[in-house]
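User: Please take a close look at the places where a charged side chain may sit over an aromatic ring, and at the backbone and burial around them.

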Amino acid sequence: MSDASGPAADPPVPQYPIESVDKALRLVLLLTDRPEIRLSEAARYLGVASSTAHRLLAMLQYRGFVRQDSSSKIFRAGPALMGLAFAVFGRIDVEDAAKPVLRRLSEQLNEAVHVGMLDGANVRFIAAVEGPTAVRVASRLGRTMPAHCTSTGKVLLAELSEAELDNVYPRENLDRITEHSIRRRTELDLELARVRERGYAVNREESEEGVTLLAVPISTPAPGLRLALNAAAPVHRLTASMYPEVVSTLADAAAEIGRRLV
């Protein structure tokens, strides 16, 4: 007797498979895992000649599933694929999925916690729980803030390619919220390199005087949907020596939120 609780078997191969359709769909799936691909990478991934990969990508581009940068020739997810992603997102209640995890996390850290979403050059906070202490950071739920001034924004900007960052920040000078905010694109690039290396972002009084925040990314089921989880505390309660432990706790909670979104 088969074990009904075991993993589902792979679906059978269609009786009359259409190889070109299969290859095109594999390219679409590849773009859900990677922010960008080159023609040579697509050909190698499919095991076909570059001319064949180019024809498949051209058709996907025609239907809006991919777009090609005119200068770098790199392919990225197109509006049709993004539309599908946000159609999926529209059926996902992020706040409802995250709230139980955020409550436990806030109690564990004794601090405010938020889920934020990258929206162009901004971050929009879509779920939050305030900390239980009398002196605490106020909830940012519903607020929109410049991404480069926040830990949530920086950890999500670090996932973008150089070309995508150029689209978001075409100029060198950046707006500031406080005296501690990053004010130049070159400074931001250096900070994002540090974020990629360590896997989390720090905001020490860059968006609010007297407040430190740490953020980690949340894995999501929808390509193009970028979410992150942060913890916010007064600067004297979140010192650098505490970062590793807090980040580990955040990463566990972020993984749980990601699983609840599927």
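Analyst: A charge is taken to sit over a ring if NZ of Lys or CZ of Arg is within 6 Å of the ring centre and within 35 degrees of the ring normal. This is a predicted model, in which local features need pLDDT of at least 70 and side-chain atom pairs count only at pLDDT 80 or more, while totals for chains, interfaces and linings use all residues. Residues are numbered from 1 along each chain as its sequence is written, and side-chain values use heavy atoms, leaving out hydrogens and water.

The charged end of Arg198 lies over the ring of Tyr200, 5.2 Å from its centre. Likewise, Arg26 places its charged end over the ring of Tyr45, at 5.1 Å from the centre.

Helix H2 spans residues 39-46 (a DSSP run of H or I, at least four residues; strands are runs of E, at least two; both are numbered from the N terminus). Its Ala42, Ala43 and Leu46 are buried (under 20% relative accessible area, with exposed over 50% and partly exposed in between; 1.4 Å probe, protein chains only). These buried residues line one face of H2, because they fall within an arc of 100° seen down its axis (from the directions of the C-beta atoms). Just after H2, Gly47 has a positive phi of about 70°. Leu25, in helix H1 (residues 19-33), is exposed, because its relative accessibility is 51%.

Beyond Tyr200, Glu205 also takes a positive phi, about 60°, although it is not a glycine. Glu205 belongs to the loop between strands S6 (201-204) and S7 (211-218), and it counts as buried because its relative accessibility is 18%.
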